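Student: I would like to look closely at one residue and its surroundings, and then to see how they fit into the rest of the chain. Could you take me through it slowly?

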Amino acid sequence: MADFFENPHKRYNPLKDEWVLVSPHRLKRPWQGKVEDAILDDRPDYDPKCYLCPGNERANGERNPQYEGTYVFDNDFSALLIDADPGEINEEDLLVARAERGHCRVVCFTPRHDLTLAGMTQKQIRAVVDTWADEYTNLGARPEIGYVQIFENKGQIMGCSNPHPHGQIWATESLPVEVEKVDQSLRKWEAEKGEGLLVQYARLERKKQERIVCDNGDWIAVVPFWAKWPYEIMIQPVDKIPHIAALDDRGRDALADILRRVAVRYDNLFRCPF
């Protein structure tokens with residue numbers, strides 16, 4: 001039988017119904033490529049030049065309030081516009097485009113400029129989770145919105161334009177392609193097997209105890225068997241939950257706890273999409 005820890009093979013990703021090529025033996029090759037310098041983070045707790053710090057002026061001329069917890073506002077350089085003109089083009093089914101409307105929001109996690117999730121208390125992270133849930137509910141209730149994506153791009157290498165601890169929310173008319181794949185796979189799995197895919201996966205990973213990073217009883221953080229990226233971690237509930245706003249107090253506390261644990265352990269690598 002092939003040794004999958006040493007030999008090249010494919011792994012199936014049931015969330016996207018696709019295969020991922022894995023070549024573990026290539027880790028043994030000599031490396032003379034790019035080596036990143038260590039990032040020295042010596043930011044002050046307040047930066048008068050930061051457009052996300054409390055009381056400072058943003059790029060559009062508006063001034064932030066002296067907020068003390070989370071702070072949410074419409075992105076000044078939004079990737080989506082709700083008042084964009086409708087329309088589409090189609091030339092021989094080759095040149096095809098369609099207008100997409102939506103809302104983009106910025107969520108400042110804390111007024112402290114020098115923190116990340118790893119430096120925040122569980123109570124502070126719980127406030128972020130509550131803000132995510134409120135924004136999900138409010139944006140998702142709008143008739144023009146079909147999907148709400150909550151995410152954080154953390155660090156310069158991820159293209160983050162400001163080091164102040166913050167994330168973004170994009171609410172779009174239609175499902176993104178990758179999300180649609182996952183949605184279809186989850187629906188098909190449950191229809192055929194009578195149980196949620198992720199519920200079954202969490203149970204299997206708990207049994208094997210090979211890829212779990214953190215487990216607090218209600219949520220697990222796991223390196224997926226089908227991971228594509230070197231530092232890929234999937235955070236998922238153990239039981240079936242339809243969306244973030246459906247979490248009760250215990251579920252939100254548990255999510256805040258698992259986020260804090262993962263962030264502390266992988267602070268320089270942490271990125272959180274929902």
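Student: Which residues does Val 148 touch, not counting residues up to four places away in sequence?

Tutor: Leaving aside residues up to four places away in sequence, Val 148 touches Tyr 136, Leu 139, Gly 140, Ile 169, Trp 170 and Ala 171, where a contact means heavy atoms within 4.5 Å. Before we go on, keep in mind that this is a predicted model, in which local features need pLDDT of at least 70 and side-chain atom pairs count only at pLDDT 80 or more, while totals for chains, interfaces and linings use all residues. Residues are numbered from 1 along each chain as its sequence is written, and side-chain values use heavy atoms, with hydrogens and water left out.

Val 148 also has a place in a wider group, for it is named with Phe 109, Met 120, Trp 132 and Leu 255 as touching the most other members of the largest nonpolar core, which has 29 residues. Such a core is a set of buried Ala, Val, Leu, Ile, Met, Phe, Trp, Tyr and Cys residues joined through side-chain atoms within 4.5 Å, and buried means under 20% relative accessible area, with exposed over 50% and partly exposed in between (1.4 Å probe, protein chains only). The elements that give two or more residues to this core are α1 (122-140), β7 (147-151), β8 (166-172), β9, β10 and α4 (249-265), and α4 supplies the largest share, 7 residues. These helices (H or I, at least four residues) and strands (E, at least two) are DSSP runs, numbered from the N terminus. Apart from this core lies another one, of 9 residues, including Leu 197, Tyr 201, Ile 220 and Val 222.

Two of the contributing strands are joined to each other: β9 (residues 212-215) and β10 (residues 219-222) run antiparallel and are linked by 3 bridges, and strands count as paired if DSSP finds at least two bridges between them. Asp 215 has Ile 220 in β10 as its bridge partner. The two strands form a hairpin with 3 residues between them, and in its turn Gly 217 has a positive phi of about 100 degrees.

The strand β8 leads us to a neighbour, β6, since the two pair in the antiparallel sense over 7 bridges, with His 166 in β8 as the bridge partner of Cys 108. On β6 (residues 102-108), 7 of the 7 residues are buried. Both of its faces are covered, with Gly 102, Cys 104, Val 106 and Cys 108 buried on one side and His 103, Arg 105 and Val 107 buried on the other. Strand β3 (residues 71-74) is also antiparallel to β6 and is joined to it by 4 bridges; there, Val 72 has Val 107 as its bridge partner.

Charged side chains make further links. A salt bridge is a side-chain nitrogen of Lys or Arg within 4 Å of a carboxyl oxygen of Asp or Glu, and the whole structure holds 26 of them. Arg 105 meets Glu 135 in one of these, at 3.0 Å from N to O. Because Arg 105 lies in strand β6 and Glu 135 in helix α1, this pair ties together parts that are 30 residues apart in sequence. Arg 105 counts as buried at 17% relative accessibility, and Glu 135 counts as buried at 10%.

Another salt bridge joins Lys 240 and Glu 190, at 2.8 Å from N to O. This pair links distant parts of the chain, 50 residues apart, with Lys 240 in the loop between β11 (234-237) and α4 and Glu 190 in helix α2 (residues 177-193). Here Lys 240 is exposed, with a relative accessible area of 58%, and Glu 190 is partly exposed, at 30%.

Finally, consider how far the model can be trusted. The predictor's confidence in each residue, pLDDT, runs from 0 to 100; its mean over the protein chain is 91, and 94% of the residues reach 70 or more. Over residues 270-274, however, the pLDDT is below 50, although this stretch has 24 contacts in the model beyond near neighbours in sequence. Where pLDDT is low, the predicted coordinates should not be read in detail.
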